Amino acid sequence: MIKPMQDDLPASQITHAPLAGVIGMPIAHSRSPRLHGHWLARYGLPGHYVPIPVMPEHLAEVLRILPRAGFVGANVTIPHKEAVLTLADTVTDRAALIGAANTLIFRADGKIHADNTDGYGFIANLRQNEPDWQPDLGPAAVIGAGGAARAVVASLLDSGVKELRIANRTRLRAEQIKAEFGARLVVYDWAQVGNMLEGATTVVNATSLGMQGKQPLRVPLDALSPDALVTDLVYTPLMTPFLTEAQARGCRVVDGLGMLLHQAAPGFERWFGQRPDVDDEARRVALE
Ligand code: NAP
């Protein structure tokens, strides 16, 4: 018997290589397609990962269509990370707590599941680069209170940090995070960031300051202990002025690129069936 061509099969029987992508606007700068493309090639897996530019007013429509077009999931970035929560059928507790999702899974039954892996990526990056890091050794200090800071706060509390200090230019945003995340948080005034670092054993820049084309983060580091682990979410450049100064004071520093790589790994595994390695090759590809 002659086998029918795929076009002759009912839609439910057509098997495609799985598709995934990253939804955002603008999206051309995203490093995710290169990274996922590298992992697909490296493990010899069938599949494609593409940038998907979507205007906010089209988000709901696109999310309805993608699963019908062979997509098994997607990453989500600016400006859609909050809006997808209202469009998903199920949302993990951590995504709900953070108030944003970055990873979607399109289930076989047509339902959309939303998760946030930024906090996982943040902690995995620290643990990979500083295996001896102990989150409960002393206070953590988080500078910034935007979307990424919320994921960092959630993951640090989850990891056992007993006191979490936070300061933000717009103090109200930090107060809001304290109101949602609870008693272990202490809000500092933006003018007091230098004091906030005293005795801190984990210090995080979660602002966008220090990015290429932006002002550096200017914080007096006199109170910073050389025993502190200092990390920056900004990864362009890899060594921000903040990390450079902290390193010069004897601190261990971890750049933000590993967070980007680690947050991508759970989605890749769900969509394509293989947990990818976050190694020097993946770093190099993401930086190209
Ligand atoms: P966001 O929600 O827009 O928040 C931006 C943060 O930066 C806020 O705390 C904001 O303070 C602060 N900020 C901006 N300009 C400032 C200035 N001139 N002076 C003082 N504070 C300023 O952005 P986000 O999503 O949280 O991202 C923050 C950074 O993390 C970005 O650089 C992003 O690329 C990076 N990031 C990295 C990863 C990774 O995987 N490594 C993941 C996510 C994000 P106000 O509230 O006062 O405006």
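Which side chain makes a polar contact with the side chain of Asn102? I began my notebook with this question, and I note at the outset that the model I am reading is a predicted one.

**Entry on Asn102**

I looked up the side chain of Asn102 and found that its polar contact is with the side chain of Asp118, at 3.2 Å. Asn102 sits in the loop that runs between α4 (93-98) and β5 (103-106), and I recorded it as buried because its relative accessible area is 2%, where buried means under 20%. Leaving aside neighbours within four places in sequence, I listed what Asn102 is in contact with: Ala74, Asn75, Val76 and Lys81, then Asp115, Asn116, Thr117 and Asp118, and finally Gln263.

**Entry on helices α5 and α10**

From Asp118 I went on to α5 and to the helix that it meets, α10, which covers residues 257-272. The axes of α5 and α10 come within 7 Å and cross at roughly 125°, and I wrote α5 down as oblique to α10 because of that angle. On the α5 side the contact is made by Asp118, Tyr120, Gly121, Phe122, Ala124, Asn125 and Gln128, and on the α10 side by Gly258, Met259, His262, Gln263 and Pro266. As for handedness, α5 passes α10 in a right-handed crossing.

**Entry on a second partner of α10**

I then looked up helix α1 (residues 32-42), whose axis comes within 11 Å of that of α10 and crosses it at roughly 50°. That angle is why I entered α1 as oblique to α10. The residues of α1 that make the contact are Leu35, His36, Trp39 and Leu40, and they meet Leu261, Ala264, Ala265, Phe268, Trp271 and Phe272 of α10. The crossing of α1 and α10 is right-handed.

**Entry on the nonpolar core**

Which residues have the most contacts inside the largest nonpolar core? I found that this core has 30 residues, and that those with the most contacts inside it are Phe122, Val142, Val153, Leu156, Leu164 and Ile166. The elements that give two or more residues to the core are α5 (118-129), β7 (140-143), α6 (147-158), β8 (164-167), α7 (171-181) and β9 (185-188). With 7 residues, α6 gives the most to this core. As background, I noted that nonpolar side chains tend to be buried together in soluble globular proteins.

I followed Phe122 a little further and, leaving aside its neighbours within four places in sequence, I found it in contact with Val152, Ser155, Leu156, Val204, Thr231, Leu233 and Met259.

**Entry on Thr231**

Thr231, one of the contacts of Phe122, is placed in strand β11 (residues 229-232). Is Thr231 buried or exposed? I entered it as buried, because its relative accessibility is 1%. A polar atom of the Thr231 side chain lies 2.8 Å from the backbone oxygen of Val254. Its contacts, again without the neighbours within four places in sequence, include Leu126, Val203, Asn205, Phe242, Leu243 and Asp255.

**Entry on Pro241**

I closed with Pro241, which is found in helix α9 (residues 241-248). I entered Pro241 as partly exposed because it has a relative accessible area of 39%. Leaving aside its neighbours within four places in sequence, Pro241 is in contact with Gly210 and Pro216. I also looked up Arg127, which is 114 residues from Pro241 along the chain, and found that the C-alpha atoms of these two residues are separated by 23 Å.

How values were computed. Residues are numbered from 1 along each chain as its sequence is written. This is a predicted model: local features need pLDDT of at least 70, side-chain atom pairs count only at pLDDT 80 or more; totals for chains, interfaces and linings use all residues. Side-chain values use heavy atoms; hydrogens and water are left out. Helices (H or I, at least four residues) and strands (E, at least two) are DSSP runs, numbered from the N terminus. Buried means under 20% relative accessible area, exposed over 50%, partly exposed in between (1.4 Å probe, protein chains only). A polar contact is a pair of N or O atoms within 3.5 Å; within protein, one must be able to donate a hydrogen and the other to accept it, and residues adjacent in sequence count only if both atoms are side-chain atoms. Contact means heavy atoms within 4.5 Å. A nonpolar core is a set of buried Ala, Val, Leu, Ile, Met, Phe, Trp, Tyr and Cys residues joined through side-chain atoms within 4.5 Å. Axes are lines fitted to C-alpha atoms, for helices over the stretch in contact, and angles run from 0 to 180 degrees between N-to-C directions. Angles under 35 degrees count as roughly parallel, over 145 as roughly antiparallel, 65 to 115 as roughly perpendicular and the rest as oblique. A crossing is left-handed if the near helix is turned anticlockwise from the far one by less than a right angle, and right-handed if clockwise.
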